[in-house]
Amino acid sequence: MSFTRTLRAVGGAVVAGALLFGTAPVASADQIRDAQWPLQAFKADEIWKIATGKGVTVAVIDSGVQSQHPDLKGNVLPGKDFVDGGDSAEPKGDTHGTQMAADIAGHGHGPGGESGVKGLAPDAKILPLREDGIKSNGFGPSIRYAVDHGASVINISMGTSTRSPEDEKAIAYALKHDVLIVSASGNNGKGAEDLGYPASYPGVLTVGGVQNTGEIWSGSNYGPPVLLTAPAVGIVSAGDSGTSKYQKGTGTSDSAAFVSAAAALLRQKFPDLTAGQIVNRLTKTAGLPPSAKGTSLPDAHYGYGYIQPLAALTRDIPAGPKNGPLKMPQEQASSAGTGGQAASAGSNGSSGSDSASQPAEKAGWSPLFIGLLVVVGLVVVGVIVGIVMLVRRKSRRNGPPPGGPGGFGGPGGPGGYAPYPQGPPQQPGAPGSYPPAPPGR
């Protein structure tokens, strides 16, 4: 039986007024907003002069979204319940989906929206889809619903341990309609074997988590599917626990939500770019902490680095190929040595069925021609065998070649690590770089 895991650990950390962190009080108009360190790291005030996500719909496939939360009201569209059925996607005791929606499109409340939490794309619309992914068709129906109801970005900060053919077909459907699917890598600090689904599917943008220094968070799952990282630690967001409307948590769920929000900003600013080209902008402008400088990219933990939305919005980046760095199912199927990903692509069903991709039949050869080929082949084999025997006798006389043994495991031999292409190094102070959180945060 499959199980679903939400990828954020709240740990009972309910945020309430001046008791937020138990540290020295900070003189500010709104301590909740000040506690949102990712907005400061992203330079959100500068970002919102360029894009706010206006006109973009982000589907949040999760535990449901509290549409009347003061920091979300008006930004939440009518949704659907795929767990119990019905047209209401209001949560039933689980705040996870509300937290993700607020990371993406929270607009605050009060005069000028200065109080409460704000998302990275505060003018985006949220399409809430209540889903747990444990049915035999997985997230497939909710993904298709999101595509058919206008979402151009789909956030799935959840995961299951079971692969679903319906998921794969739905992901292919989303890609066909140029919809970007963003998924969290998970919070066990383990490798590709623990990434689960949809994080492991080709065509999905899988996101790991970093601390406020930009360094990888120890709980972030890793592996080849991870292409980007984003803030994961100490994230204050909207919730609905008891008397508080806010919660603080840690996990790659938030990381995925921030990447979905960044994608919404880019979809507003660059409406003609494909989903893959949006990812290309994010990867080409990603950053690394000083401790990871010189790392070959993509790295199993960082991917191409942590997102820098301001840089992605402002730098001169060529559009690049349609699919960008996303690995499409057909690419995975044709690539060798990629383990589970290549195998997963083979069961997608989207490749191999197109008659145009099949090799043309060759004209038949006559028996005489075949016989001639056999004779020539035997002669060639005989010559090769003779040469090999002469070389072996000479080798026995001369001893081993200088320099000692080589081959497997030796320098340049099979199994060595070939460097991946790496973009230009990020300079300290570049637009959108991650500064340390202010003192007392």
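**Close-up views of a predicted model**

**View 1. Buried residues of helix H6.** In H6, the buried positions (under 20% relative accessible area, 1.4 Å probe, protein chains only) are Asp167, Glu168, Ala170, Ile171, Ala174 and Leu175. Their directions from the helix axis to the C-beta atoms fall within an arc of 165°, so these residues line one face of H6. The helix, a DSSP run of H or I with at least four residues, covers residues 165–176. Its 12 residues reach 17 Å from first to last C-alpha, close to the expected 16 Å, which is 1.5 Å times one less than the number of residues. Asp178, which follows H6, has a positive phi near 60°. The model is predicted: local features need pLDDT of at least 70, side-chain atom pairs count only at pLDDT 80 or more, and totals for chains, interfaces and linings use all residues. Residues are numbered from 1 along each chain as its sequence is written, and side-chain values use heavy atoms, with hydrogens and water left out.

**View 2. Surroundings of Ile143 in the largest nonpolar core.** This core (buried Ala, Val, Leu, Ile, Met, Phe, Trp, Tyr and Cys joined through side-chain atoms within 4.5 Å) has 85 residues. Helix H7 (residues 252–269) supplies its largest share, 10 residues. Ile143 is among the residues with the most contacts inside the core. Its contacts (heavy atoms within 4.5 Å) include Ala170, Ile171 and Ala174.

**View 3. Pairing of strands S3 and S7.** S3 (residues 57–62) and S7 (residues 125–130) run parallel and are joined by 6 bridges. Val60 has Pro128 of S7 as its bridge partner.

Definitions and conventions
Helix = DSSP H or I, 4+ residues; strand = E, 2+ residues; numbered from the N terminus. Buried < 20%, exposed > 50% of the residue type's maximum accessible area, 1.4 Å probe, protein only. Pairing = 2+ DSSP bridges. Lists of a residue's contacts leave out its neighbours within four places in sequence.
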